[in-house]
Amino acid sequence: MRLDKFLADTTDLTRSLAKKALHREEVSVDGQVTKNPATQVDADSEVRWLGRRLALVGLRYVMLHKPAGVECSARRGLYPLVRELIELPNVERLQTVGRLDVDTTGLVLLSDDGQWSHLVTSPKRRCGKVYRVTLSDALEGEALAEAQRDFAEGIQLDGEEKLTRPAELAMRAPHEAELTLYEGKYHQVKRMFAAIGHHVEALHRESVGPLALGELAPGEWRELTAAEVAAF
Ligand code: URA
């Protein structure tokens, strides 16, 4: 790979800033200062910028137990970002695989592998996401049977062209539902319950496909194993 691309992939320099750093003679390859952005390097090359050894990192796959009050977006707004909880080099390259609302807790996946993220989120792959939903009012009896039918057949949400895909609803207690979705529309769980006249008081994602939060405490994260990555 070209040296300017290597620098852009391993630092926060853009390709044009990398060229400027080369011009300022800040970069060495295998002990030799080089100014040429087209110099060919690979993972075994000893590339240093301002004396710091740079290493290519492979694709990363992370699961996080998102606490409330943390945002799944790329830019800092009112709230801290999920990425800020993760200590990995070049963490800004990690994208969340789908999003949870700022007040939703639970399992968030992050990766810099766009193809894998697409696999996980594509509705065609039918990767079930299980949510624990706390409702303000009890849902039981005939209202529950009707909700289960509606969710299984698909709901027309405001502003959406298509019905929601079939979803599975079960109750763990009169105020606590388990909803399994196979897609991820904006505020989908809250909007689906609103469509049947129920308010979601708290929302927690327990699992995505074969991956469950397990022992991970709020705010904790870990990298996925190769088997977990492959399981999608
Ligand atoms: N559905 C919602 O309404 N919110 C989330 O955070 C996730 C799914």
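Student: In this predicted model, where is arginine 126 found?
Tutor: Arginine 126 is not part of a helix or strand run but belongs to a connecting segment, with helix 3 (114–121) on one side and strand 8 (129–135) on the other. Its place is therefore the loop between helix 3 and strand 8.

Student: What is phi of arginine 126?
Tutor: The residue is other than glycine, and yet the sign of its phi is positive. The angle of arginine 126 is near 50°.

Student: Which loop holds histidine 187, and what is its phi?
Tutor: Histidine 187 is found in the loop that runs between strand 10 (176–181) and helix 5. Although histidine 187 is not a glycine, its phi is positive, at about 50°.

Student: Which helix gives the most to the shell around the ligand?
Tutor: The residues surrounding the ligand include His187, Gln188, Val189 and Lys190, alongside others such as Leu100 and Tyr131. Helix 5 spans residues 188–195 and contributes three residues to this shell. The element that gives the most is helix 5.

Student: How many residues of each class does the shell around the ligand have?
Tutor: Among the surrounding residues are Leu203, Thr104 and Asp101. Sorted by class, the shell has three polar and two charged residues, and its nonpolar residues number four.

Student: At what distance does a polar side-chain atom of threonine 104 lie from an oxygen atom of the ligand?
Tutor: Aspartate 101 places a backbone N or O atom 2.7 Å from an oxygen atom of the ligand, while a polar backbone atom of glutamine 188 is 3.4 Å from a nitrogen atom of the ligand. For threonine 104 the contact is made by a polar side-chain atom, and its distance from a ligand oxygen atom is 2.9 Å.

Student: What percentage of the ligand's accessible area does the protein cover?
Tutor: The space that the ligand takes is the largest pocket. On its own the ligand has 240 Å² of accessible area, and the share of this covered by the protein is 96%.

Conventions. Residues are numbered from 1 along each chain as its sequence is written. This is a predicted model: local features need pLDDT of at least 70, side-chain atom pairs count only at pLDDT 80 or more; totals for chains, interfaces and linings use all residues. Side-chain values use heavy atoms; hydrogens and water are left out. A residue is near a molecule or strand if one of its heavy atoms lies within 4 Å of it. A polar contact is a pair of N or O atoms within 3.5 Å; within protein, one must be able to donate a hydrogen and the other to accept it, and residues adjacent in sequence count only if both atoms are side-chain atoms. Accessible areas come from the Shrake-Rupley method with a 1.4 Å probe; for residues, only the protein chains shown count as cover. On a 1 Å grid over the protein atoms alone, a cavity is a set of points where a 1.4 Å probe fits but cannot get out, and a pocket is an open set with protein on both sides within 12 Å along at least five of seven lines; lining residues have an atom within 4 Å of a point. A molecule sits in a cavity or pocket if more than half of its atoms lie within 2 Å of its grid points. Helices (H or I, at least four residues) and strands (E, at least two) are DSSP runs, numbered from the N terminus. Ala, Val, Leu, Ile, Met, Phe, Trp, Tyr, Cys and Pro count as nonpolar, Asp, Glu, Lys and Arg as charged, and the others, Gly among them, as polar.
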